Amino acid sequence: MYAPRTTPWPLVALFTAGYLAPYLLPTTVGRLERGLDLTPTQAGGVGSLLLLSSAAAGFLLASRVERTGARTLARLGLVLAAVGYGGAALTTSVPAVVAGAVVGGFGSGTATTVAATRIAAEKDPHRASALGLLSVSALAGVVYLTVPHLPGHGLTLAAIALTALAVWPLTARLPGGTAGMAAQAAVGSAEADGSGAGRLPYRRSGMVLAGTMLLWSLAQNALWGVSGRIGVGQAHLSEPAVGVVFAVALGAGLLGVLGAGALGSRLGRALPIGGGTVVIACCIALSASATGLGSFAFGEIAWNTLYPVVLSYLIGLAASLDARGRWAVLVGSASSLGTAAGPLTGSVLSAQAGFPVMGAVLAVGLLLVAVPMTGVALHAGGRALLPGAVRRRGGHPAAVVAATTGTPSGAVPEVGAPEQPVVEITLDGAAVPARGEYDTAAATQAPGGV
């Protein structure tokens, strides 16, 4: 019998607390603009500072989680999020709001870093990540349905702060010091695949993927940061109606997460990444030029359905470039920088040229980056690693990440890679004579079992 899988609820909750701020970005920016009498560019700048601070936390703390302790860093991040966002929600002073957003953003980034690091060490990281995405999407949907009916500039900020406080008690179940087993597993994996501290594999492909991911994420969040203004100002919808559209779109995103997991590697990586990005570009152009409920809702819902699907394949592609996960970290950091620059980019483009032109520019940019992304997916393709093989042989958690997303692992030879030499070992002594008759039937281990 298989042991029952335990759900890492503390990590799911921490993931939710860290990711909630980016998910609520459109209503946060819109509320700051209207509540504090800011220009669209200024409000978008505050959103970009929040996300940039969150990205900075990931760069600074990614390698310190095990040494400092997941529990300590998680609590620090939750405190910073509660204090920063809570303070920004309680004041109308623009400098204080900006400072609170920056502090809160660093707290969100810290919580996200701890959650991502610990989820990667889980036996089933894809399941934990999917649960986190489902949780944050559901919570953000509830906020979008309730906040538009209440006044005030800081309601979304207060919701993020309260979420951080609610997650605090669950951090008691996180490890407080260096995770020795995880460190040993990482060392063992590096020795097994021969990577050690050597040079990065697929350097050109990794750099291309990191650069295109920065632009890809920038385009997504440039539209997401101004979507609320498009719905209210151009599509002529009320704020509650826009909130309902966003809630439905996030619900469709849940279906996208589930669909990506069910689809797996059946279509490879090139088609979902390249074709999906092309369709996303069309959705962005449609949403940015919407003048009514139908076109706005269709563009937002279709876009939010496809976005997590393509993103999951991009994460898997980055993981396949290096079994130790170094390219996954670098590509993720580049994506964070693009996410941070998105709101300001969208605000500047829309202020200078209008929403339809902004959407056209972002769509053309996505079509351009789809070409090198697809090229990397085709060039770096290898033999897929089955999740069962990893679990039977006790692979490193990073290999499990690659397996659950349908990606090859460095521990498995790629297509065209040289086979390992076979060494014959001579044993002393006479051979054991063959049995003359069969024994009684009994349960035996499956091939490859331990």
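What pLDDT does the chain average, and what share of the residues score at least 70? In this predicted model, the chain average is 77, and 74% of the residues reach a score of at least 70.

**Figure 1. Two stretches with pLDDT under 50.** Residues 179-197 keep a pLDDT under 50 throughout. For this stretch the model has 20 contacts beyond four places in sequence. Residues 432-450 also have a pLDDT below 50. Beyond near neighbours in sequence, residues 432-450 have 4 contacts in the model.

**Figure 2. Surroundings of Ser108 in helix H6.** Helix H6 covers residues 94-120 and includes Ser108. Ser108 counts as buried because its relative accessibility is 2%, and the cut-off for buried is under 20%. The side chain of Ser108 makes a polar contact of 2.9 Å with the side chain of Tyr85. Tyr85 is also among the contacts of Ser108 when neighbours within four places in sequence are set aside. The others in that list are Ala17, Gly18, Ala21, Ser54 and Ala81.

**Figure 3. Asp37 in the loop between helices H2 and H3.** Asp37 sits between helix H2 (25-35) and helix H3 (40-61). The phi of Asp37 is positive, about 60 degrees, and the residue is not a glycine. Most residues other than glycine have a negative phi. Asp37 counts as exposed because its relative accessibility is 70%, and exposed requires over 50%.

**Figure 4. Tyr202 in the loop between helices H9 and H10.** The loop that holds Tyr202 runs between helix H9 (180-193) and helix H10 (203-234). Tyr202, not a glycine, has a positive phi of about 50 degrees. At 23% relative accessibility, Tyr202 is classed as partly exposed.

**Figure 5. Leu209 and its contacts in the largest nonpolar core.** The largest nonpolar core has 99 residues. Leu14, Leu209 and Trp216 are the members that touch the most other members. Apart from neighbours within four places in sequence, Leu209 is in contact with Leu314, Leu317, Ala318, Leu321, Val331 and Val376.

**Figure 6. Ala318 and Val376, two contacts of Leu209.** Ala318 belongs to helix H13, which spans residues 293-320. With a relative accessible area of 3%, Ala318 is buried. Between Ala318 and Val376 there are 9.8 Å in space, C-alpha to C-alpha, and the two are 58 residues apart in sequence. Leu209 is in contact with both Ala318 and Val376.

Methods: Residues numbered from 1 in each chain as written. Predicted model: local features only at pLDDT ≥ 70, side-chain atom pairs only at ≥ 80, totals over all residues. Heavy atoms only, no water. Helix = DSSP H or I, 4+ residues; strand = E, 2+ residues; numbered from the N terminus. Buried < 20%, exposed > 50% of the residue type's maximum accessible area, 1.4 Å probe, protein only. Polar contact = N/O pair within 3.5 Å; in protein donor to acceptor, adjacent residues only side chain to side chain. Contact = heavy atoms within 4.5 Å. pLDDT = per-residue confidence, 0-100. Core = buried A, V, L, I, M, F, W, Y, C linked by side-chain atoms within 4.5 Å.
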